[in-house]
Amino acid sequence: MQKISSSYLPDKIEQILKQNGVPEDALRPSWDDMTVMTRELGRMLINACQPQTVKDSFPVLVNMARGGYFQTNILSRPFGYLSTDIESMSLRSYKDNGTNIGEKVEFGQLPDEDAVYGKSVLLLDEVCDSGRSLKVARQ
């Protein structure tokens with residue numbers, strides 16, 4: 001993972017990062033870095049689910065919009081998920097410009113209850129700050 005000089009970022013993004021206390025030398029993963037990390041997650045899931053397959057262990061994959069799209073795309077194909085096996089869910093726990101955590105979680109799209117009720121679900125998102133969104137999603 002490389003450190004990206006602030007000169008590479010558009011002024012507005014740099015302003016938002018500074019306003020929210022993100023250090024200038026913070027690591028900002030590239031798409032290649034995200035691919036490597038997602039594949040490592042895939043290996044961890046394979047090991048954790050053995051002797052079953054990941055899809056047998058988690059028959060339904062739920063993608064957390066927007067952040068989980070990338071991970072869902074990388075992992076769904078090799079694990080054998082069809083597009084009809086994938087549900088989407090959108091929750092919002094941030095306010096303002098998307099970097100400050102709000103007091104409550106707002107619901108957007110929810111998966112079809114019949115598709116997830118009583119099933120083991122693999123829930124994919126790109127980041128877990130406090131875990132609050134994942135806890136709400138699990139409920």
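Visitor: Which residues does N63 touch, not counting residues up to four places away in sequence?
Guide: Keep in mind that this is a predicted model. Start from N63 in strand 1, which covers residues 60–64. Leaving out residues up to four places away in sequence, N63 touches G68, Y69, T72, I86, E87, S88, M89 and L124.

Visitor: Is N63 buried or exposed?
Guide: Buried means under 20% relative accessible area. N63 has a relative accessibility of 1%, so N63 counts as buried.

Visitor: Which residue's side chain does the side chain of N63 join in a polar contact?
Guide: Among the residues that N63 touches are Y69, T72 and I86. The polar contact between side chains has a length of 2.9 Å, and the partner of N63 is T72.

Visitor: How many salt bridges are there?
Guide: Side chains of opposite charge can pair when their charged atoms come close. One such bridge joins R43 and E40, at 3.1 Å from N to O. K55 and D85 also meet in a salt bridge, at 3.1 Å from N to O. The count comes to two.

Visitor: In which helix do R43 and E40 lie?
Guide: These two residues are three apart, about one turn of the helix. R43 is partly exposed at 45% relative accessibility, and E40 is partly exposed at 37%. Both R43 and E40 lie in helix 2 (residues 31–49).

Visitor: How many residues apart are K55 and D85?
Guide: The side chains of K55 and D85 meet in a salt bridge. This pair links distant parts of the chain, with K55 in helix 3 (residues 54–57) and D85 in the loop between helix 4 (69–79) and strand 2 (86–89). K55 and D85 are 30 residues apart.

Visitor: Is D85 buried or exposed?
Guide: Its salt-bridge partner K55 is partly exposed, at 24% relative accessibility. The cut-off for buried is under 20%. D85 has 17% relative accessibility, so D85 counts as buried.

Visitor: Is the aromatic pair of W31 and F70 stacked, edge-to-face or tilted?
Guide: There is one aromatic pair. A pair of aromatic rings is described by the distance of the centres and the angle of the planes. Planes under 30 degrees apart count as stacked and over 60 as edge-to-face. For W31 and F70, the centres are 4.9 Å apart and the planes make an angle of 50 degrees, so the pair is tilted.

Visitor: Which parts does the pair of W31 and F70 tie together?
Guide: W31 is exposed, with a relative accessible area of 62%, whereas F70 is partly exposed at 22%. The two residues are 39 apart in sequence, and the parts tied together are helix 2 and helix 4.

Key:
Residues are numbered from 1 along each chain as its sequence is written. This is a predicted model: local features need pLDDT of at least 70, side-chain atom pairs count only at pLDDT 80 or more; totals for chains, interfaces and linings use all residues. Side-chain values use heavy atoms; hydrogens and water are left out. A salt bridge is a side-chain nitrogen of Lys or Arg within 4 Å of a carboxyl oxygen of Asp or Glu. Helices (H or I, at least four residues) and strands (E, at least two) are DSSP runs, numbered from the N terminus. Buried means under 20% relative accessible area, exposed over 50%, partly exposed in between (1.4 Å probe, protein chains only). Rings of Phe, Tyr and Trp (its six-membered ring) pair if their centres lie within 6.5 Å; planes under 30 degrees apart count as stacked, over 60 as edge-to-face and the rest as tilted. A polar contact is a pair of N or O atoms within 3.5 Å; within protein, one must be able to donate a hydrogen and the other to accept it, and residues adjacent in sequence count only if both atoms are side-chain atoms. Contact means heavy atoms within 4.5 Å.
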